[in-house]
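Colleague: Please show me the structure, and then I will ask about it.

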Amino acid sequence: MSIQINIPEGLQISQFELKMLLVVKLFEEGLITSGQGAEMVGLSKQAFIEMLGKYKVSVFQYGIEEIEADIANA
């Protein structure tokens, strides 16, 4: 699928940055994997995972409840 978005002329943002913002949000919401995200923006999986830090998104998609349950079951 492809989409077209009209961006205001004064907005100083690259096409790559726009893709990253969308893909990072999809990853953060658990809708795609890191591999899918990497493919969508044209990066290696490792490079995509490293870029997640720039957007303050953890590669570990666990909520606090899941972490606590894992600890309790350890």
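The questions below deal with the core, one residue and the salt bridges.

Modeller: This is a predicted model, in which local features need pLDDT of at least 70, side-chain atom pairs count only at pLDDT 80 or more, and totals for chains, interfaces and linings use all residues. Residues are numbered from 1 along each chain as its sequence is written, and side-chain values use heavy atoms, with hydrogens and water left out.

Colleague: Which element gives the most to the largest nonpolar core?

Modeller: A nonpolar core is a set of buried Ala, Val, Leu, Ile, Met, Phe, Trp, Tyr and Cys residues joined through side-chain atoms within 4.5 Å. The largest one has 11 residues, among them M20, F27 and F48. Two or more residues come from each of α1 (15-28), α2 and α3 (45-54). With 4 residues, the most is given by α1.

Colleague: Is S34 buried or exposed?

Modeller: S34 is found in helix α2, residues 34-41 (helices are DSSP runs of H or I, at least four residues). Buried means under 20% relative accessible area, exposed over 50%, partly exposed in between, with a 1.4 Å probe and protein chains only. At 11%, S34 counts as buried.

Colleague: Which residue forms a salt bridge with E17?

Modeller: A salt bridge needs a side-chain nitrogen of Lys or Arg within 4 Å of a carboxyl oxygen of Asp or Glu. For E17, the closest N and O atoms of the pair are 3.6 Å apart. The pair links helix α1 to helix α3, 37 residues apart, and the partner is K54.

Colleague: Which residues are linked with K25 in a network of salt bridges?

Modeller: K25 meets one partner at 3.5 Å, N to O, and another at 3.2 Å. The network links K25 with E28 and E29.
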